[in-house]
Number of protein chains: 2
Amino acid sequence: MEEFCFGVDVGGTTVKMGLFAGLAEPLHTWEIPTRTEDGGKNILSDIREAMSREMVERGIAPDQVVGAGVGIPGPVTDDGVVNHCVNLGWPVVHVREQLSNMFYHLPIRVGNDANVAALGEAWFGGGKGYRNMVMLTLGTGLGGGVIMNGRIVHGSHGAGGEVGHMPIYTEATRVCNCGNTGCLEQIASATGLVHKAREVLVHNTFDSVLRGKKNFTAKDVLDAYLAGDPAGKLTVECMLDFLGRGMAIIATVVDPDVFVIGGGVSKTGPWLMEALKERFDHYAFFGCRDTLVLPAKLGNDAGMYGAAALALTKE
Amino acid sequence: MEEFCFGVDVGGTTVKMGLFAGLAEPLHTWEIPTRTEDGGKNILSDIREAMSREMVERGIAPDQVVGAGVGIPGPVTDDGVVNHCVNLGWPVVHVREQLSNMFYHLPIRVGNDANVAALGEAWFGGGKGYRNMVMLTLGTGLGGGVIMNGRIVHGSHGAGGEVGHMPIYTEATRVCNCGNTGCLEQIASATGLVHKAREVLVHNTFDSVLRGKKNFTAKDVLDAYLAGDPAGKLTVECMLDFLGRGMAIIATVVDPDVFVIGGGVSKTGPWLMEALKERFDHYAFFGCRDTLVLPAKLGNDAGMYGAAALALTKE
């Protein structure tokens, strides 16, 4: 019998959904709007309805479905409870219990979206074929997820994989969103690159293509680096050095087979993985120097794939 | 039926052995010499004989034994193979397979001694009652072990928990044994404390109790710190700061419930756990600030206890 499952990635504006049959590519993917009004009270019933409709249309019975995985943009307890998710308007919501009660009492697995996206890349994407993977998502901030033996390392407070807040960026001059100063994401993220480039321009007199732009972006900084611009060079080399060192540090804790690099900043091209591998090798413990650095493959769908992987995970 | 198992911690001079009945304290512990001569070819048969003799004396039948765990002072593959263990004189030895073949074909589980000792502290010692623990052993070097959901995180190259080689000690002036410069153990270990204190004495002119001693030890440095000596203060505060930061970094990767601190340096007293907790809190991601810092309890027996835990681990 074919084992179906649903992968559900709940975002602040849309819910990405996929119907999967085992570890193959999804049979169907679609989106529904996230109705955050009224304390987000319709979100779970909307998801339930979308899954039930899909089953009816395809003639899938409840006993052919192993369950659903759900990624949530906020911290999730081991029991599948979400405490005050601002992006969804949620107070305390027992996602696992409530959704299961609505949905034929099928097993529901719930996880934090960054961790779930990492699981997606591990099972279906850039980390496919490797047991132990660390995902680094270079977006507005630096997200992370640690996958050991094919499972998410949530940690005791859901802070497993919060490597963006690793206190190693000793050059930081600002306070991070988390309240600390010196977090890795203060340099290794789109926001971090822009801030660092501004500092570089203030503290140096050299000419730079970035001086002509009032509000330059991380992409501008990366393009400047690739064009040999001195401000781009100082900024991006600083980022590569701290991120490569951060990866070497992570390797002394969990020693993955592979680092998978995703997020908007990673779209700059394959050179980024090569440059990070070089810095990683420089700092890495000798036993870890054959650890790989590979690009993410699933983009914004990683969460949906990972939610399906969560549903398929054996207890 | 009572489930017996053996915990075996193989060291360079003696093998520590224990007979356990489940998770209770061992029924009997004893030691045999480690015969490293002739490429260590007698070590496994000596262990087998010691276990068999114990069973005969107590009237324990093979089907009452769930197996044996073995800690080895070197890297161990997932298949229980040891590659060139200098301390034991071993070339490549298939410990799991060979010992099982000699010992009623019972299951044998093999692990690196630092990781196995961490497992012992997690199941029987300072980390008992917590699912997720990181052990830090402040000895000649800085050993470590990461236990998640009650199991060792070996990593892909057996380097999981090698946090002593985390490249964060930016003040390092020497090369570490591993070949890198800047490893945490270059300050956070007995050797590290002595080296740092020597540097402090060279770079400062103040009086210090350490100046009177030609070959002072880490204990002398810690005692000097506790007596308010300026060189002791500079040295130990540097160690506390880097180690506290290192623990905060580890928490962003695996987010344990508890750090358990062992090794010779930890014998200085409970003040060390309090001081490390204070530095940890300073650097830690806000979600992790209730993480505990507790002393190890099992001393040199941790490896034997952990080997028993390994034997009792369900696949």
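**Exercise 1. Work out which residue ranges make up the domains of chain A, and how many residues each domain gives to the contact between them.**

Solution. In this predicted model, the domain assignment of chain A places residues 4–119 together with 301–312 in domain 1, while residues 130–296 form domain 2. The next step is the spacing, and here the C-alpha centres of domain 1 and domain 2 of chain A are 30 Å apart. Turning to the contact itself, domain 1 of chain A supplies 11 residues and domain 2 of chain A supplies 12 residues.

**Exercise 2. Describe the side of domain 1 of chain A that touches domain 2 of chain A, by element and by residue class.**

Solution. Begin with the elements: those that contribute two or more residues to this side are β7 (108–112) and α4 (113–124) of chain A. Of these, α4(A) provides the largest share, with 5 residues. Then sort the residues of this side of domain 1 of chain A by class, which gives 7 nonpolar, 3 polar and 1 charged.

**Exercise 3. Decide whether Ala251(B) is buried or exposed, and identify the residues that it touches.**

Solution. First locate the residue: Ala251(B) belongs to helix α7 of chain B, which spans residues 230–254. Next apply the cut-off, under which a residue is buried if 20 or more other C-beta atoms lie within 10 Å of its own; because Ala251(B) has 30 C-beta neighbours inside 10 Å, Ala251(B) counts as buried. Finally, leaving aside residues up to four places away in sequence, Ala251(B) touches Pro256(B), Ala284(B), Phe285(B), Cys288(B) and Thr291(B), as well as Ala159(A). As for Gly287(B), which is 36 residues away along the chain, its C-alpha atom is separated from that of Ala251(B) by 9.5 Å.

Definitions and conventions. Residues numbered from 1 in each chain as written. Chains lettered and ligands numbered in written order. Predicted model: local features only at pLDDT ≥ 70, side-chain atom pairs only at ≥ 80, totals over all residues. Domains from an automatic or database assignment. Contact = placed C-beta atoms within 7 Å. Helix = DSSP H or I, 4+ residues; strand = E, 2+ residues; numbered from the N terminus. Nonpolar A, V, L, I, M, F, W, Y, C, P; charged D, E, K, R; others polar. Buried ≥ 20, exposed ≤ 12 C-beta atoms within 10 Å, placed from the backbone.
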